[in-house]
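Let's take a friendly walk through this model, one region at a time. Keep the viewer open and follow along.

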There are 2 protein chains.
Amino acid sequence: MEPIIRTVSLSPALPTPTDKRADRERLLDSLSDMIGAFHPDIGIDFLRELPSLLRNNNFSISATLGYEGNKARILSLKADEAYAVAVDIGTTNIAASLFDMNTGEKLDYGEIENPQMSEGADVLTRMHAAMGGKGAKLHRLLVEGVNKVIENLCAAHSLHPSAVSGAVFAGNTIMIHFLLDFPVHNIPVEPYIPVAHNIGFISPCDIGLRMNPQGSVYVFPNAGSYVGGDIIAGIISSGLYTEEQPCLLIDVGTNAEIVVGCRDWLMVGAGAAGPALEGGISAIGMRAVDGAISGVTIDRRTHEVTFRTIGNSEPIGICGSGMIELVAELYAAGMLDEKGGFVTPCAAAGRLVEDGAGRGFVLVDSPEKRLVLRDTDINNFMRSKAAMFASLQVMVSSVGIAFSELEKVFVGGAFGSGIDAEKAASIGMIPGWGKQRIHPTGNSSLRGAEMLLMDRKLLLTIDHICGMITYRELNTDGEFMRQFPAALFIPHTNQEVLKG
Amino acid sequence: MEPIIRTVSLSPALPTPTDKRADRERLLDSLSDMIGAFHPDIGIDFLRELPSLLRNNNFSISATLGYEGNKARILSLKADEAYAVAVDIGTTNIAASLFDMNTGEKLDYGEIENPQMSEGADVLTRMHAAMGGKGAKLHRLLVEGVNKVIENLCAAHSLHPSAVSGAVFAGNTIMIHFLLDFPVHNIPVEPYIPVAHNIGFISPCDIGLRMNPQGSVYVFPNAGSYVGGDIIAGIISSGLYTEEQPCLLIDVGTNAEIVVGCRDWLMVGAGAAGPALEGGISAIGMRAVDGAISGVTIDRRTHEVTFRTIGNSEPIGICGSGMIELVAELYAAGMLDEKGGFVTPCAAAGRLVEDGAGRGFVLVDSPEKRLVLRDTDINNFMRSKAAMFASLQVMVSSVGIAFSELEKVFVGGAFGSGIDAEKAASIGMIPGWGKQRIHPTGNSSLRGAEMLLMDRKLLLTIDHICGMITYRELNTDGEFMRQFPAALFIPHTNQEVLKG
C-alpha cells in the first residue's frame with residue numbers, strides 16, 4: 001500500500017556536541033531514512049513550532065506526510081491520525097468518501113445535491129450564468145457544497161474537518177473550473193480551451209476548503225474541455241488502460257462520454273446527449289431516488305402495466321432505467337410503433353389521453369398521483385437513444401473495429417447503475433452485447449479518486465493516460481450526423497448494425 | 001548571465017481546432033521551449049487571470065520567472081520589468097542593494113540601523129529578550145527595517161515595492177532566525193542547535209515582506225549557530241572556495257569570524273571577540289561614520305598628535321581603525337608600554353589625566369569636544385586584539401599550516417574597510433602579512449547576496465560550500481586559552497609567532 005498521505009513515527013537522534021544538525025535537517029534526515037530517496041519539504045509554520053515540539057516530546061513525534069508527485073511534504077506534526085476524502089463533483093451531485101489513511105479503511109460515503117443547482121440544472125446554463133458575472137457565486141456554492149459533504153462525513157465519525165489532511169477531486173472540466181474559480185468563458189466557444197489541463201496539487205486555502213490548511217489537495221487533470229478528470233478517473237477505476245483487447249467505457253450523465261481503447265491507445269468521445277437519463281428528459285422524469293419508477297413490465301396480451309419503484313415507495317416519477325424499460329415494453333407489447341408513436345393498443349388499454357398538451361400514455365392514475373408520458377417525452381427520449389447509439393457507432397468504427405470485437409463494456413454513472421442491457425439493446429440504444437460483457441462500474445469517477453488516495457503510483461498512470469488520449473468531438477462529426485437519423489427508429493433502420 | 005529572476009517575452013501559438021492545449025499548458029510549453037528543460041510552475045492566482053490576459057494581448061505577454069533551485073516559477077505576468085534586492089542583515093545595520101534584473105545593473109545601495117537596536121545593541125541581549133517573550137516584537141522590528149530599506153530604495157527610483165520580485169538575504173544565524181520568526185531558545189545553550197540550516201526559498205508572505213507577494217525570496221543557509229549565512233556569502237564573494245592554496249577570510253564585527261581553507265576544504269571558527277571594532281569598545285568609541293577619528297599619527301620626537309576624521313568633520317569619537325592606529329602610534333612613540341599602560345612621555349606631552357575614572361590619555365581637548373582614552377579602554381582593546389590574534393593562531397595551526405603559507409587574506413566588514421595592515425601587525429593584532437596579501441572585501445556578505453542574484457548557478461556552490469565546512473568553536477578551545485594570555489602584550493610575548 002502506497003497511499004498519497006500517511007502518518008509516520010519519527011525519533012530523530014538527540015543533538016549532541018558532535019551532532020549539531022539543526023532541528024529541520026535532523027527531522028528531515030530521519031524522515032528520509034524512513035521513506036527512502038524522497039527529500040521531504042516542511043513549511044515555515046511547522047518550523048516555528050518544531051523546536052518546542054521536539055523537546056517537549058523527547059524527540060519522538062508523529063508526522064503526516066503527503067506525497068505530491070516528485071516531492072513529499074509534511075502536512076501535520078501533531079496527530080497520529082491521517083484522514084482523507086475522495087470527492088466526485090458531478091453536475092447534479094457531489095459524492096465523497098472518507099478514508100482512514102493509516103489503515104486504508106473506507107470509513108463512510110456521503111453525497112449531497114450540487115448547490116449550484118439553484119443557478120441551473122445543467123452545465124450550459126451555469127456556464128452562461130458565470131459568463132454573466134455569477135462565476136464567483138458558482139465557485140462559492142460549489143466549495144460550500146464540498147465543505148458540507150466533508151463536514152457531514154467527519155461529524156458522523158466525531159472528527160473535526162481539520163483532521164482531513166488529504167483530498168482528491170475528480171469532475172468534469174467545467175465543474176473543476178468552478179471548483180478552482182477559473183473563468184469558463186472559453187470553454188463553450190471554438191476551439192473550446194480550458195484554463196488548465198493539469199494543475200496537480202494545490203493548497204486547501206487556494207479554494208477555501210475547510211480541512212487541514214496545510215493539507216494536500218489533488219485535482220484530476222482533464223484532457224480537454226470535454227474530457228474531464230471524471231473520465232480519466234473512470235479509465236483508472238475500470239482498468240480499461242490495462243486491457244489487452246479493445247474495451248469500451250460509457251458514462252452517460254448530462255453528457256454521453258465514451259472511451260474506447262486498451263493499454264496501447266485510448267480514444268475519448270463526448271457529446272451533449274441531453275439529460276436523457278438523469279431525470280431531465282420529461283415532465284415526469286426524475287433522478288434515481290426513492291419513489292422513482294425504475295422498472296416496468298407490460299403484459300404482451302392484457303397490456304397490464306406493472307412497475308417497481310426505488311424503495312418500494314409510492315411512485316412520484318420515472319428515472320432513466322425506468323424510462324428505457326417503459327419504452328422497450330411499450331414497443332414489445334405493440335403499443336408503440338417504430339417511430340415512437342402511440343398506437344391503437346394504448347387506447348384499447350384505456351391509457352391513451354389526448355388534450356391540449358398532445359397525446360399521452362397514462363402510466364399512473366391513482367388518487368394521489370397521475371403520471372402521463374407525453375409523445376414529446378418519447379420524442380426527446382428517441383433523440384437521446386439515437387444520439388447514444390450513433391455516438392457508439394462513430395467511436396467504434398473510427399478505430400476500425402466492430403461492436404463484437406469489444407471484450408468488455410464498462411457502464412458507469414446513472415446509466416450503468418440500474419440498466420437492463422437486454423431491454424436497452426431491444427430498442428437499439430446499445431448494441432446487443434449481452435449481460436456477461438457488460439460491467440456496471442457505479443460512480444467510476446469517485447472510485448478512481450478513491451484508488452488514487454490509496455495508491456500514489458497511479459499519479460504516473462494518470463499522466464500516462466492523459467498523454468495517450470485522443471479526443472473526438474461527436475456532436476459536430478459528419479459521420480455522427482449521417483448515423484443519427486437511422487437510429488431515430490426502434491430499434492434501428494438497419495438491424496445489422498445492432499450486433500454486439 | 002543567469003540571474004535568479006528575469007523577465008521573458010512569450011508568444012504562445014494561438015489556439016486552433018488542431019491545437020486545443022489549455023492556456024496553462026500553452027503558456028508553460030512556450031516558456032519551456034524558451035528556457036530549456038526546466039518545467040516552470042504557475043500559481044492558481046495567475047491561472048485565474050491568464051485567459052483574459054492572453055486574449056487581451058493577442059497571446060503576447062511578459063512573464064517574470066524565478067529560478068528556485070530545481071524548479072522555475074512564474075512570479076508575475078504583468079510587467080516587463082523585474083527588480084530584486086540583496087539584503088545583508090547585520091546586528092547593527094541592515095544594508096541592501098537594488099538591481100534591475102533584466103539589465104543586471106545595480107541601481108542603488110542603502111542602509112539603515114537595525115531597528116532591533118532598541119531592544120539591545122548586541123545579539124546576546126536580543127536573544128535573551130526573545131526568550132523572555134519579545135521574539136515576535138524582534139521579528140516585527142527587523143522585518144519593518146527590511147521593508148523600510150526596500151521602500152527607500154524603491155522610492156529613490158520611482159518604483160512601487162511590488163515591482164520587487166526577488167530578494168536574497170544573508171545574515172548571521174540569529175538575525176536570520178529573527179527574520180523568519182524562528183525561536184532562538186536553543187541557540188545559546190549547548191549544543192547550540194538552530195531551527196534550520198537551509199530553508200532555501202520562501203514566500204514574501206511567510207514573513208510579511210512588502211514586495212511582490214508572489215515573489216521569490218532566498219535565504220542563505222547557515223552551517224550552524226555560529227556559522228551564519230553571512231559567512232557563507234562571504235566565502236562566495238571572496239572566491240575563497242576557488243583558491244588552490246590555503247587562504248584566510250576574516251570578518252570581525254561583534255563576533256570574530258575566521259575562515260581558513262581553499263577549494264578542497266574549509267574550516268570556520270567563530271568566537272565572541274567583543275565589539276572591539278564596531279565602536280562599542282570604549283566610551284569614546286563609535287562606528288565608522290562622519291566625525292569618527294579613523295587615523296592617527298604621533299610624532300616620535302615631539303609626541304604631537306595629528307589625526308584625520310571621516311568626512312573631515314569635527315571629531316566626535318574614534319572608530320575601529322582609528323583605535324588600532326592610536327594604540328600602534330602610542331606604542332611606537334614610547335607612550336604606551338608592552339602591557340598597554342600609559343608611561344612617562346604621555347605626562348610629558350601634557351596629555352595624561354588621572355581622576356576618579358582612572359588614568360587617561362587626552363586625545364582631543366577643544367572647547368567643543370574633549371575625548372579621553374581611558375586605561376580601561378586600552379585594556380578592553382588589548383583583550384580584543386589578543387582574542388583576534390589567538391583565534392587566528394588556533395585556526396591556522398589547527399590545519400597544520402603557518403601564517404606565511406596563506407596566499408591571500410580577505411578582510412571584511414568594519415575591520416577590513418579602513419584598517420592599516422602594517423599598524424595592526426605592529427601591535428600584534430594580526431601577523432605581518434604585508435599589504436599586498438591583504439584584500440579588503442567590504443561587506444562581503446551583501447556582496448555574496450548580490451552575486452547570487454545575478455548568478456543562480458551559485459545555489460549549487462552554496463550547497464557545496466555548506467557540505468565542506470567544518471566548524472571550530474574558539475572561545476571554549478583549550479589551545480585558544482593557552483595562546484590568549486601571550487597575546488595580551490604589545491606586540492606579543494613571542495615575536496616569532498607574528499611572522500606573516
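Before looking at any sheet, one convention helps: two strands pair if DSSP finds at least two bridges between them. Please also keep in mind that this is a predicted model.

With that in hand, turn to the start of chain B. Here β1(B) and strand β2 (residues 61-68) of chain B are joined by six bridges and pair in the antiparallel sense. To find one spot in this pairing, look for Ile5(B), which has Gly66(B) of β2(B) opposite it. The pair belongs to an open sheet of three strands in chain B, ordered β1-β2-β3, with antiparallel pairing. At its edges stand β1 (5-10) and β3 (71-76) of chain B; each has a single partner strand, so one side of each is left without a neighbour in the sheet. From one strand to the next, the twist averages 40°.

Now add a helix to this picture. Helix α1 (residues 23-35) of chain B lies across β1, β2 and β3 of chain B. Its direction is at about 115° to β1(B).

For the next step, move over to chain A and look at how two helices pack. Helix α1 (residues 23-35) of chain A meets helix α2 (residues 44-56) of chain A at an angle of about 75°, and their axes are 10 Å apart. That makes α1(A) roughly perpendicular to α2(A), because angles of 65 to 115 degrees count as roughly perpendicular. Which residues of α1(A) and α2(A) meet? On the α1(A) side they are Asp23(A), Arg24(A) and Leu27(A), and on the α2(A) side Leu47(A), Leu50(A), Pro51(A), Leu54(A) and Arg55(A). Sorted by class, this contact of α1(A) with α2(A) has five nonpolar and three charged residues, and no polar ones.

Staying in chain A, go further along to another sheet. This one is an open sheet of three strands with the order β16-β17-β18 (chain A), and its pairing is antiparallel. Its edge strands are β16 (352-355) and β18 (370-374) of chain A, each of which pairs on one side only. The twist in this sheet averages 40° from one strand to the next. Strand β17 (residues 358-365) of chain A runs antiparallel to β16(A), and four bridges join them. Within that pairing, Val353(A) has Gly360(A) in β17(A) as its bridge partner. A helix accompanies this sheet: α9 (residues 375-398) of chain A lies across β17 and β18 of chain A, running at about 55° to β18(A).

Back in chain B, pause at a single residue. Ile310(B) sits in the loop between β14 (305-309) and β15 (317-318) of chain B. Is Ile310(B) buried, partly exposed or exposed? Its relative accessibility is 24%, so Ile310(B) counts as partly exposed. Leaving aside residues up to four places away in sequence, Ile310(B) touches several others, including Ala288(B), Asp290(B), Ser294(B) and Cys319(B).

Finally, step back to see how the chains relate. A turn of 179° with a shift of 0.1 Å along the axis lays chain B on chain A, with an RMSD of 0.2 Å. That is the relation of a two-fold axis. Among the residues of chain B, Asn70(B) comes closest to the rotation axis, with its C-alpha at 5.6 Å. Of the interface residues of chain B, 100% are also interface residues in chain A, so the copies meet through the same surface.

Note on methods:
Residues are numbered from 1 along each chain as its sequence is written. Chains are lettered from A and ligands numbered from 1 in the order in which they are written. This is a predicted model: local features need pLDDT of at least 70, side-chain atom pairs count only at pLDDT 80 or more; totals for chains, interfaces and linings use all residues. Side-chain values use heavy atoms; hydrogens and water are left out. Copies are superposed by least squares on the C-alpha atoms of residues with pLDDT of at least 70 in both. Contact means heavy atoms within 4.5 Å. Axes are lines fitted to C-alpha atoms, for helices over the stretch in contact, and angles run from 0 to 180 degrees between N-to-C directions. Angles under 35 degrees count as roughly parallel, over 145 as roughly antiparallel, 65 to 115 as roughly perpendicular and the rest as oblique. Ala, Val, Leu, Ile, Met, Phe, Trp, Tyr, Cys and Pro count as nonpolar, Asp, Glu, Lys and Arg as charged, and the others, Gly among them, as polar. Buried means under 20% relative accessible area, exposed over 50%, partly exposed in between (1.4 Å probe, protein chains only).
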